[in-house]
Amino acid sequence: MVSTFQLGFSQSRTTFYHVHLLTHQQERLFGEIWDEHTQLNPSGQIAADEWQQIAAAHRRNIELDLWTILPNGVRAVIAVVNSDVRVLSTYRWQQPPTKPRALSSFVAGFKAAAAKRINLVRGLPGAPVWQRGYQEQRVDDPKTLARIRQSLTHQVQAIGTANIARDIR
């Protein structure tokens with residue numbers, strides 16, 4: 001398990017989120033499972049590329065922890081650096097919003113960029129690629145974070161997903 005201190009972040013400034021994005025109607029848009037391994041198709045490779053590119057563009061506020069491209073979506077643990085925390089006085093802190101704009105902005109940017117490129121490859125401009133919204137779970141303690149990481153790693157091993165990365169520096 002990687003602690004926020006190993007990441008070089010103050011615990012009060014970093015929040016982990018478990019995020020799950022699904023394709024429109026949970027279509028297996030990104031590949032198929034063959035011989036217990038997910039074989040990413042061109043759309044799946046585009047999703048993986050855009051995930052990394054958008055994360056790099058948001059690197060001030062977003063750090064990818066553990067992530068995977070599934071045949072019908074993306075699951076990830078993301079560290080959000082809460083740069084919105086400000087001291088109001090020596091005794092009171094202003095907390096960041098429940099759902100940081102950085103996370104919403106990252107997901108929206110990824111979904112838009114990936115959909116545009118995927119639809120160009122499919123020859124279906126404007127076709128839906130993603131389900132509306134996404135699932136997120138704020139992770140407030142190290143035990144829960146470890147359990148989610150273990151679950152994600154186990155799911156990846158169980159279905160043989162091809163694309164898993166640990167991008168924490």
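Start with the whole protein in surface view: its accessible surface comes to about 9,500 Å², and 50% of that belongs to carbon and sulfur atoms. What you have open is a predicted model. Of the 169 residues in the protein, 46% are buried.

**Colour by confidence**

Next, colour by pLDDT. The average for the protein is 81, and 73% of the residues score at least 70. Select residues 1–11, where the pLDDT is below 50; this stretch has 19 contacts in the model beyond near neighbours in sequence. Then pick residues 87–94, again with pLDDT below 50, where the corresponding number of contacts is 7.

**Switch to cartoon**

In cartoon view, look for 4 helices and 9 strands. Walking from the N terminus, you meet them in the order α-β-β-β-α-β-β-β-β-α-β-α-β. If you like contact maps, here is a figure to keep in mind: among contacts between residues at least 6 apart in sequence, 70% join residues at least 24 apart.

**Stop 1: the β4–β5 hairpin**

Select residues 62–70, which are strand β4. How enclosed is this strand? With 9 of its 9 residues buried, β4 is largely enclosed by the rest of the structure, since buried here means under 20% relative accessible area. Now add residues 73–81, strand β5, which runs antiparallel to β4 and is joined to it by 8 bridges. The two strands form a hairpin with 2 residues between them. For a cross-strand pair to label, take Ile 69, which stands opposite Val 74 in β5.

**Stop 2: the loop between β1 and β2**

Move to the loop between β1 (14–22) and β2 (31–34), and select Gln 25. Most residues other than glycine have a negative phi. Gln 25 has a positive one, near 55°. Its neighbour in this tour, Gln 26, is found in that loop between β1 and β2 too, and the phi of Gln 26 is also positive, near 50°. Are these side chains buried or exposed? Gln 25 counts as exposed, at 67% relative accessibility, while Gln 26 is partly exposed at 45%.

**Stop 3: helix α2 and the loop after it**

Select residues 42–57 for helix α2, which has 16 residues. From first C-alpha to last, α2 reaches 22 Å, close to the 22 Å expected at 1.5 Å a residue. Zoom in on its start, where a side-chain oxygen of Asn 41 comes to within 3.0 Å of the backbone nitrogen of Ser 43. Then show the buried residues of α2, among them Ile 46, Ala 47, Glu 50, Trp 51 and Ile 54. Their spacing is worth a look: an α-helix has 3.6 residues a turn, so residues three or four places apart point the same way.

Carry on to His 58, in the loop between α2 and β4. Which backbone atom does the side chain of His 58 reach? Draw a distance to the backbone oxygen of Ile 54, and you should find 2.9 Å. His 58 also touches Ala 102, Ser 105 and Phe 106, leaving out residues up to four places away in sequence.

**Stop 4: helix α3**

Those contacts lead on to helix α3, so select residues 101–122. This helix has 22 residues and spans 31 Å from first C-alpha to last, close to the 32 Å expected at 1.5 Å a residue. Its buried residues include Leu 103, Phe 106, Val 107, Phe 110 and Lys 111. Show β1, α2, β4, β5 and β8 (135–139) as well, since the buried residues of α3 pack against them. After the helix comes Gly 123, with a positive phi near 70°.

Now centre on Leu 103 in α3. At 0% relative accessibility, Leu 103 counts as buried. What does it touch beyond four places in sequence? Display Tyr 17, Val 19, Ile 62, Ile 78, Val 80, Tyr 134 and Glu 136, which are in contact with Leu 103. The C-alpha of Leu 103 is separated by 9.2 Å from that of His 58, a residue 45 places away along the chain.

**Last stop: Arg 149**

Finish in helix α4 (residues 142–159) by selecting Arg 149. Is this arginine buried or exposed? Arg 149 counts as buried, at 6% relative accessibility. Add Ala 76 to the view: the two C-alpha atoms are separated by 8.8 Å, although the residues lie 73 apart along the chain.

Note on methods. Residues numbered from 1 in each chain as written. Predicted model: local features only at pLDDT ≥ 70, side-chain atom pairs only at ≥ 80, totals over all residues. Heavy atoms only, no water. Buried < 20%, exposed > 50% of the residue type's maximum accessible area, 1.4 Å probe, protein only. Pairing = 2+ DSSP bridges. pLDDT = per-residue confidence, 0-100. Contact = heavy atoms within 4.5 Å. Areas by Shrake-Rupley, 256 points an atom, 1.4 Å probe, with all protein chains shown as cover. Expected span 1.5 Å × (residues − 1). Polar contact = N/O pair within 3.5 Å; in protein donor to acceptor, adjacent residues only side chain to side chain.
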